[in-house]
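Colleague: May we go through this model together, beginning with its strands?

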Amino acid sequence: MSSALEIKHLSKSYGSKIALDDLTASFPAGQITGLIGPNGAGKSTLLKAIVGLVKPQQGSIGIFDQPAHWKLNAEIAYLPDRAKWYKSHTIKQALNYALNILPGFDLPRALEMANLMSLDLDVLVSTLSEGHEARLHIILCLARRVKLVLLDEPFSGIDLLSRETIIQLLINSMLDQPQTILISSHEIHEAESLFEHVVFLNKGQLVLEGNAEALRQEKGSIESIYRGLFR
């Protein structure tokens, strides 16, 4: 199976704090991979390194058989942890603005997603609940016709119904256009059914990786594996 991402011997420190420690991992193309680990495991740093927001001290990142470069970001949709959007925009304005600045943004697809997510296009972003704002940010990523989608803790701090709606949107998105999706999370109960591949990190190091179904058959649920590794 071809790889969308090849991470080799990646290290990154912030002063005395080690975020990534000689990390080597592979992420298969065309699948949803769960990037799993506790807070401080290095998940966010890895995603930032992929899109060039942090520079590792050593190692390499390959994206679809090419060395990572800012020009490849046109093929990457990245949702950072605690993403924000312009509060003065309505949802409709936010989507129209995204059409002008985000490569591959499909406005009709975004509008269809907004309807599925029960978002009123005339509502100001500043008035949205945390869960509804999270729905908007997911739309801004998944409505892009790109090869790679990176979602950093998309379920953190939002209500159960919003999580379920986001999961359904992810499933629909993959059916509509197969993509490679990485979901960074330490909250995996609702999302584990999405994962086709999993990569477990702790303290910047690879702990375990593999096909999600094979690991389930061998070790139990992804959640139980997580508890066994990190309790």
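**Strands and helices**

Modeller: Strand β9 and strand β10 (residues 205–211) run antiparallel and are joined by 6 bridges; two strands pair if DSSP finds at least two bridges between them. This is a predicted model, in which local features need pLDDT of at least 70, side-chain atom pairs count only at pLDDT 80 or more, and totals for chains, interfaces and linings use all residues. Residues are numbered from 1 along each chain as its sequence is written, and side-chain values use heavy atoms, leaving out hydrogens and water.

Colleague: Which residue is the bridge partner of F200 in β10?

Modeller: Strands here are DSSP runs of E with at least two residues, and helices are runs of H or I with at least four, numbered from the N terminus. Within the pairing of β9 with β10, F200 has as its bridge partner L208.

Colleague: Is strand β9 (residues 197–202) largely enclosed or open?

Modeller: Buried means under 20% relative accessible area, exposed over 50% and partly exposed in between, with a 1.4 Å probe and protein chains only. In β9, 5 of the 6 residues are buried, so the rest of the structure leaves this strand largely enclosed.

Colleague: At what angle do the axes of helix α2 (residues 91–101) and helix α3 (residues 107–116) cross?

Modeller: Axes are lines fitted to C-alpha atoms, for helices over the stretch in contact, and angles run from 0 to 180 degrees between N-to-C directions. The axes of α2 and α3 come within 10 Å, and they cross at roughly 150°.
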